[in-house]
Structure formats: structure tokens, C-alpha cells
Amino acid sequence: MVTTPDINCPETHQRDVTNLCARVGGMLLQHSAECALVESITRRLGLALGMDGVEMALMANGFTLSTFRRGRCDTTVRRNQDRGINMHVVTEVQRTMLLAEEGKLDAAGVSARLDAITPFRYPRWLVSVMVGLSCAAFARLGLLARDAEADAATYLITFLASAVAMQVRQYLASLHFNPLVNFAAAAFIATSIAAQGVIHGWVDSPKVAMSACVLLFVPGFPLINAMSDMVKGYINTGISRGVMAVLLLLACCTGIVLAMTVWDAWTWL
Amino acid sequence: MNTFLLLLQDFGLAAIPAVGFAMIFNVPKTALKYCALAGAIGHSLRFSLYKIGPVPIEWATLIAAAVVSMIGVYWAQKWRAHPKVFTVAAMIPMIPGVYAFTALLALVEIERKGFTPELLRTAVDNGLRAFFIISALAVGLALPGLLIYRRRPVV
């Protein structure tokens, strides 16, 4: 796509750099980097590759980017499609930009390095087990803060419910379901499993198990990103990320309430 | 329980969600141990400030997030990666998930059963606490950028 820059044809070079910047900005936005980072990496890459200036306007689902060089201006608009949080991609893109800034990569080199980035993912079963353990740890942490105790069955059922729910969440995500549908369905399953412990009286702290097993659905990254964006002046994207996070929470609530109605286990409030 | 043991338990337990959620965020393998350490430091610092010490939970969260963020800046410069790669996963154990869910479920209950002052109080109390803690986390994380790295990038 991007050819070796032709020194004799500055327009071609500028167009290539504009495309590269747009690609970098797109990759960062798709993998949930905060706006300040997206803008700074894109701008620094453009400047490193010989532009006089790079300007960017970020929106929730797209961005506009312009590069300037010797009075000539190239502008492009790109759509942003959410591909899920991936810090590995963000790290690799940032290192590519740093290499370009140090003069170790030219436009062709940057393009080749970006091509080589394949989003890294952990094995699904491992993530599910770790998230199950995380929610059991959350249950214990919550009790520590209140000087309370619970029996082993509480932690066990929390682990089971959240590990199964995480597996379902990853499976539904791989089928490209809307995240809202996905979260509601997985929260229903988590609460249903925890509710069994409540109904059959296996656990001595039903509220702990019911509340800890859905903590894997709290959109922590989007919430922090939303606040960070707004603190740094990107109010627009901050609001849209925050609204999305609250919608995800509401979708989970639907799943939880549905499960509590079905099993008639109202232990939350 | 002995205060020191309590703190040690909190330290160890907080590392687990930090790693678990770092895996959801696909943090590179080499950075996982830093997420675990930062998560443990952050949560146990907050725990000691508001549970053992007299600091309100929101301020304790702000201090803990700021400390983790400073450590994150140091690691970021060493590893040539953005500090958020390490620090956001470390914030996860401090996210007020139970408060947020309780607030929203109380709203759903108001819709289902009709208005009662108790339910509204639950919703407002928990919702505000969740909002303030999340704000404290985000501001704490941004603090090195706001105070020290004002017009230059961290990495």
C-alpha cells in the first residue's frame, strides 16, 4: 500500500505519511487508547517522518487528520470501529513511533513494522480461570474491608460463576455479538449460577457471592478512559466512552434482574 | 486479625484481579508482573489509608492512584511503553464495582416496586460514591502529567 518515499516527489511522500498517520491513529483508537495518547503518537510520527505539522480531530467513531508540509495540506477522514481493548497493539505502535522519532525507521520501515503487528490475545480458558480467581479475590477483599468472614463455598461458587460467565462472554464476543447483548446474557448466566448456591443454601454469605460474581462486567477501562479524556480536555470522546460504559453496566443489570426474577433470589438489595 | 497480616492479605489478594484484568486488556506478558505489583501496592496503600488510617475512601483512592501512576511513569520510561499499560490494570481492584451495580439495581427496583425514599437513598449514596472514586482514580492517574510532565510526553 505504502511505497518507498520518492525524494523527488514530495507529494507522494506526504500522501504516504498521511496514510501512515491515519493508520496509526486508527489502530490506537480501535484498541481503546486514550485520546491524548492517540493524538500525541500520531502527531509525533508525522513530525518524525518530515511533516511540518499534524493536526487531528477526534470523534467517538471516527477522526479527521491533516498533515502540512511546505504549505501543502493533506486531509483524510477515517472511521473507527471498536476492536476491544488491546494494550499489546498500543505498546507496539508506540515503540514503532519511538523508533521513527530516533531516525531508525523511515516511512517504509514504519509501514512494514505496522504490518507485522498482529493483536496478541491470551488463551480463552486461561483468561476465564484468572477472571474467576479475580472475582473470588474481590469477594474476599470486600469482606476484609468490612471485617467480615465467609465460608469456602462462597468463594468457590463465586469462582465458578464468574469463570463460566467469562468463558461465555469471550465466546459471544468471538461471534461478534453486540457487547450490550453479550454482557446482558453473560451477567444472566453468572447470576443464575450464583443463585443456585443461594437457593440450595450452599453458601453462608449469599449477597457476597451474588455481587462478586458479576464484577467481571464492570467496564473499568472505559470508565477510567472516559474520565481521563475529560480531564485532558477531550470532553466529546470522554462523554461517549462514559455513556457506553454506563450502558454496559445497565445491560448487566438487565441480566442480573432477569436472573433474580427467574430464580426468585433477591439478595442484592 | 493482626493489622500487618490483614495488610499482607490485602496486598496478595489485590494482585490477582490486577493480573486477571490485565489479561482481558491483553497487556504484554512481560508487563503482567508489573501490573500485579502495582495493583497490590495501590490497593493495600488505599486499604491502609482508609481502613487503618483516618483518610476518607475517595482521598485514599486519589493518593493510591497517584502513587501507582508515579511508579508507572518510571516503568514506562524503562520499558518504552505508555504508563497506562501498567497502571489501568492496577486500578481495577480499586474500581467501585459493587457501588455502581448497587446504585443501578436500586434504580431498577424503584421502577419495579415504586418510589421509596430508602431505595432512592441507596441509589444516590452508592452512585455518588462510585462516581467520586472513579474520578479519583482517573485524576490520580493523570496527576504526574498534570503536575510534572505538563507540556512534554512521558515516553
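Trainee: How many salt bridges are there between chain A and chain B?
Mentor: The count between the two chains is 3. Before we go on, this is a predicted model: local features need pLDDT of at least 70, side-chain atom pairs count only at pLDDT 80 or more, and totals for chains, interfaces and linings use all residues. As for bookkeeping, residues are numbered from 1 along each chain as its sequence is written, chains are lettered from A and ligands numbered from 1 in the order written, and side-chain values use heavy atoms, leaving out hydrogens and water.

Trainee: What makes B:Lys84 and A:Glu34 a salt bridge?
Mentor: Their closest N and O atoms are 3.2 Å apart. The rule wants a side-chain nitrogen of Lys or Arg within 4 Å of a carboxyl oxygen of Asp or Glu, so the pair qualifies.

Trainee: Which elements give two or more residues to the side of chain A that touches chain B?
Mentor: They're helices H2 (35-48), H3 (87-101), H5 (124-145), H6 (152-174), H9 (220-231) and H10 (235-263) of chain A. H5(A) brings the largest share, 12 residues. By type, that side of chain A divides into 38 nonpolar, 8 polar and 10 charged residues. Nonpolar here covers Ala, Val, Leu, Ile, Met, Phe, Trp, Tyr, Cys and Pro, charged covers Asp, Glu, Lys and Arg, and the others, Gly among them, are polar.

Trainee: How many residues of each chain are in contact?
Mentor: 56 of chain A are in contact with 56 of chain B, contact being heavy atoms within 4.5 Å. The area buried between the chains is about 5,100 Å², with 76% of that from carbon and sulfur atoms. A:Tyr122, A:Ile224 and A:Leu269 supply 14% of what chain A buries against chain B, more than any other three residues.

Trainee: Why is that area called buried?
Mentor: Because it's the accessible area (1.4 Å probe) that two parts lose on being put together, summed over both. So the value of about 5,100 Å² takes in what both chains lose.

Trainee: What other salt bridge could I look at, say with A:Glu39?
Mentor: A:Glu39 meets A:Arg43 at 3.3 Å, N to O. Both lie in helix H2 of chain A, 4 residues apart, about one turn of the helix. Over all chains, the structure holds 17 salt bridges.

Trainee: How do you know that S1(A) and S2(A) are paired?
Mentor: DSSP has to find at least two bridges between two strands. S1(A) and S2(A), residues 62-69, have 7, in the antiparallel sense, so they count as paired. For instance, A:Gly53 has A:Phe68 as its bridge partner, and A:Ala57 stands opposite A:Thr64. A hairpin joins these two strands through 2 residues.

Trainee: What makes S1 and S3 of chain A edge strands?
Mentor: Each pairs on one side only. The open sheet runs S1-S2-S3, with antiparallel pairing; S1 spans 53-59 and S3 spans 72-79. S2(A) and S3(A) share 8 bridges, including A:Gly62 with A:Arg79. Their hairpin has 2 residues between the strands, and A:Arg70 in the turn has a positive phi of about 45 degrees.

Trainee: Which helix packs on that sheet?
Mentor: H1 (residues 10-30) of chain A, touching S1, S2 and S3, with its direction at about 150 degrees to that of S2(A). Such angles run from 0 to 180 degrees between N-to-C directions, on axes fitted to C-alpha atoms, for helices over the stretch in contact.

Trainee: Why is chain B written as α-α-α-α-α-α?
Mentor: Helices are DSSP runs of H or I with at least four residues, strands are E runs of at least two, and chain B has 6 helices and 0 strands, so the pattern holds α alone. Its C-alpha atoms fill a box of roughly 55 × 40 × 30 Å along the principal axes.
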